[in-house]
Amino acid sequence: MQRIGVFVCWCGSNIAGTVDVKAVSEALSHEPGVVYSINYQYMCSEAGQNLVKDAIRDYNLTGVVICSCSPRMHENTFRKAAASAGLNPYMVEIANIREQCSWIHKDMPTATEKAIILGRAAIAKVHLNAPLMAGESPVIKRALVIGGGIAGIQTALDIADAGFEVDIVEKEPTIGGKMTQLDKTFPTLDCAACILTPKMVDCAQHEKINIFSFSEVEKVKGFVGNFHVTIKKKARFVDETKCTGCGECTAKCPVKGVPNEFNLGMDNRRAIYIPFAQAVPKVATIDPNYCNMLKNGKCGLCAKVCGAGAIDYKQQDQFVEREYGAIVVATGFNPIKLDQFDEFGYSQSKDVITSLEFERLTNAAGPTSGTLLRPSDGKHPHTIVFVQCVGSRDTSGCGKTYCSRICCMYTAKHAMLTREKYPDTDVYVFYIDVRSPGKNYDEFYRRAVEQYGVHYIKGMVGKVAPRADGKLMVQASDLIAGEQLHIEADLVVLATAIEPDKTARPLATMLTASMDTNDFFTEAHAKLRPVESPTAGIFLSGACQGPKDIPDTVSQAGAAAAKVIGLLAKDKLTTNPCVAESNELMCNGCSSCEKVCPYGAITYLDKEFRMPDRTTMVRRVASVNPAVCQGCGACTVACPSGAMDLKGFSNSQIMAEVDAICQMK
Amino acid sequence: MPNEVKAFKPKIVAFCCNWCSYAGADLAGTNRLNYPADVKIIRVPCSCRVNPMFILRAFQRGADGVILCGCHPGDCHYTTGNYYARRRMTLLFSMLDYLGIEKERTRVEWVSAAEGAKFAATMNDFVETVTRLGENKRLEDLRCKE
Amino acid sequence: MQGMMIARAGELLENGTVTRVLGWQTGEFVYDITPAVFESAEELEKGFVYNSFCGNNLSKYLIQASRKEGKILVFLKPCDTYSFNQLIKEHRIVRENVYIIGIPCDGKTDGEFLKAKGVKGILGIREEGDNFVVDTLYGEKTIAREDALPERCRNCKSKKHMVYDELMGEEGEVLDSHRFDMVEKLEAMTPDERFAFWRSQLSRCIRCNACRNVCPACSCEKCVFDNPQSGIAQKAAADSFEENMFHIIRAFHVAGRCTDCGECSRVCPQNIPLHLLNRKFIKDIDTFYGEYQAGEDTESRAPLTNYTQEDVEPSIVYTRGGNN
Amino acid sequence: MSDRLKEQVLRTSGVNVLKCMRCGKCSATCPSYDEMEYHPHQFVYMVEKGEIEKLMASPSIYKCLSCFACIERCPRDVEPAKLVEAIRLMVIRQQGQNHLKPGQIPEMLDEELPQQAIVTAFRKYAK
């Protein structure tokens, strides 16, 4: 018989407000095996923990039940407390009487009754608990960063600077991500390329960083400290090791009409191309959809002009297998498609553009070499209308329900820069709310209004109608003046909502990292563990976790790196002792468990058994590798004989809980 | 005073996977979303840990409804656990139905860690359904008592 | 047939291919067939029988027998070969230690079954065309095969052997059986009718465990119902729920592994149609996850240890049409 | 009184005015904007404040073309046009407050009268 101590927490009034904690500790004190029962204001406080520790020593407790908040909150706290008092930490069970009782019920007798039942279930389970010892598994001292935008770059640099090897996998031919397409950055108006490209070069030159550009993650196996990743290096038909990035090929390629994705299709590139001048690695890539040589074998000009002999039309996708201790997701974002927002006329007029397109139009390396010209006729626009919240904060199903967070600030930046360069333009910004909570952000926005004379109008644009003469008729409401405005604009810029990159969802499945309904990666705790995924060993950097501007992305990237460094600095990880275990005497060796194990933790061995008639018989039995097993329990149900059981969540423990809950009539 | 008929309070056992649904239940609590106290949650590491034996045992001990909550298919913390759970439960529920047991007493619902509201709504709905069905007698009565 | 089998078995013993023969012998009555191991030609002559009562599926006995020294000869009817394959898939039988002779089968009758049809004092049986001729104390009685066959043989799923080392007689074909007719009939009932049906059936269970003990899929080293640590161990019914639980769990444990050999129903002393539980799972698996016949091969993944991302949701149980 | 009216408007329209985030896109898109005393976004806000009588008295409710552009464009699914329609209905249903009583019906019946007319008569017409 166990000697069990019960500790009921008030959690201030969080629990005690709806649950009669004294009645609970009194009722539970009469349960079999309970030798000590007490209630206290804050069990998780130091004084509360000391109560537990003292009781363990004074009453020789072999089991502890804490009736408190969710075990997801403080299970570890109490396990540590128990351990420090000499009790095996896995002899502690938590009855969740806060999140799953006091906070959802209003009526005290009902909530108290339920709390007692939950307490009984925990006591019933503790009776069957056995001390468990955590095992150890080694840590591979290399990190993988998926995505080579500013988030991935910063994380990789920080990890590498701490002395650990880092691989960056980037699906595009160059690292740099969205930031390479930006012109200036708020709130200081630095040139994006000027602050980003040195970091890209640092990555390329860092002896600890290895860049897999034009590559994708194909398969992920393993677990924290021991991930096995297959990386697909897509065929770029150019030998990376030979190409010098001289650009001879891209100048000579006869296929000229390929829409240039770097400039969002506003100008053209060749079939063999280097995305932009500062690309890292500066290596050409052949687009097989357009290259004549790859399509029909007629051309081969680039191979002829390449002095380095780097062109390889026969190149195939390559698969590289690498091992990592930690994985950082930095897959970033994209603007949404505007198909659902035809009222803004994006598909009808070339002069209705997205903000990212506007960035390219004002960038010196862009299609207009930095002069702001209308895409339709190449003339200077004189009236520009910026529309905010296009597709953001939209619950109608057309757009995204969340605030995209970066639009207010970049729109202020666009409006300000336009007025600075072209003081003769009229600039209108239609806003619902201006959100500028960052450091120096509101001052920045106010400068656009006060110093640069941008017309900020509270209200939304309802319709943009292109007129035959090329003007855009903008119909909008001015809510403060109480009028409907009709503006003849030359250019309309839509602050398009952003969404996670499409590759994030399949990646999350591979990583078994959870996502929210918008396909943003979920963090382990919204406030306290913002850069970790709930899946151990997976970390989050940048906009893959939620919309973020550059300063926030860089801070998060550094935070993720710090977490990775903390992990890689360990030589060994203690493993979860709640793993499956096979009882050889009962095992049939049927392989059902092995089939459902996602980690390949189960192997079979032939073992000799003594039979009742004193003969021996060799039987095939399952054996679980506790370092690999993650404790899901799939095998326990696949096993018909019940030979496979899960420590900490055994068949008899769960059934004891079921019995305790169902007992009350 | 005539004896008042005591309103039927069903006994509901909810198995919740540790990573999604248990967290979803916690979120329902954090957001103070109400659902009946008849629901008692048992934490399991994954929906695939739930053995049909547990469900039958609950009914044997007088539960009126059993619900299993796990991560959405594709989101399992252990990659594939809920896919197996889905097959097992589909077959088990179909069998119970085949035996003439009210099929509404069993349910599987996928609740993510972000879906506190869904958790509460699911529980409200399930309790309502089971309350309407009344006490669970059939599984027990499948064999005549005498 | 019996003569041919004894002769061939004798040869194989003689030339050392096998050291033992797994077959059938009669018990107290001629229709009372039990599996038996024979180690010499003399023993075979004396005891080996093969007739229309030999319904017993011998595959399960190979779990133990194939682990002993030397090779064993076994005679398998087509439906027994499915069980054999399934056990091979589950690594329960040492294939190298078994020599299989596939024998044809036109359906096996059963002593109790004949007695229920009014055939008393049975002394022997032989097959003549489409009839069984039963030798009784009261003279010969002829009974049409159709009338004397139990359900599992009337709805025979296959006359083809899935595995053998040597074949006696003609190889048959996989048949288009009507084995799911009764399941469909039950599914078409209202829940109340189904409940009444199963209550009338399961009420008769005496928990003798015969169904479990004969079942080639129920071959655990230790059954959960016998294991005190499992939490659901039970020897005798402590409450009325236990038989229900036993039969549901048993059917679930063999789901996807049951080859539908029908031994459970054959041996049930209370004549409970237990195969209808197993067939329900087989039918559901076929509908939900695609046709699957356990024991057809030794490699494929069983439906319950497999999945697809597009599997139906459990809610299909509420939404599918009819009275289902 | 105004609470009861508000309740009635919300019920007949099925609109949740609290979903509005005051962006004004409804008014921005409204073709009758200049004709109206109260504009679509004001309908939402005024219903929220319970100023139903003001809206009922305003000619604005007849200026709405029921083109549903506001419903189509609203990013929050608020459906202002349904509020306008609900207020129009309230005005119609209130007229005279002297609807037919069931007892008055039989003597008015004749063979030709469509059934729908009788039902409508209950709702709308005075004697």
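Select chains A and D of this predicted model and display the contacts between them: 18 residues of chain A are in contact with 16 residues of chain D. On chain A, colour strand S24 (461-466) and strand S25 (472-478); each of these strands supplies at least two residues of the side that touches chain D. Colouring that side of chain A by residue class then shows 6 nonpolar, 8 polar and 4 charged residues.

Next, hide chain D and move to the sheet of chain A that contains strands S1 to S4. These 4 strands form an open sheet, with parallel pairing, in the order S2-S1-S3-S4. Its edges are strand S2 (34-40) and strand S4 (92-96) of chain A, each of which pairs on one side only. From one strand to the next, the twist averages 15°.

Within the sheet, select residues 4-9 and 63-68 of chain A, which are strands S1 and S3 respectively. The two strands run parallel and are joined by 5 bridges. To inspect one pairing at the residue level, pick Val8(A), whose bridge partner in S3(A) is Cys67(A).

Now add the helices that accompany the sheet. Select residues 108-128 of chain A to show helix H6, which packs on the sheet and touches S1, S2, S3 and S4 of chain A. The direction of helix H6 makes about 160° with that of S4(A).

Finally, select residues 21-29 of chain A, which form helix H2. Helix H2 lies across S1, S2 and S3 of chain A, and runs at about 175° to S2(A).

Definitions and conventions:
Residues numbered from 1 in each chain as written. Chains lettered and ligands numbered in written order. Predicted model: local features only at pLDDT ≥ 70, side-chain atom pairs only at ≥ 80, totals over all residues. Pairing = 2+ DSSP bridges. Axes fitted to C-alpha atoms, helices over the stretch in contact; angles between N-to-C directions. Contact = placed C-beta atoms within 7 Å. Nonpolar A, V, L, I, M, F, W, Y, C, P; charged D, E, K, R; others polar.
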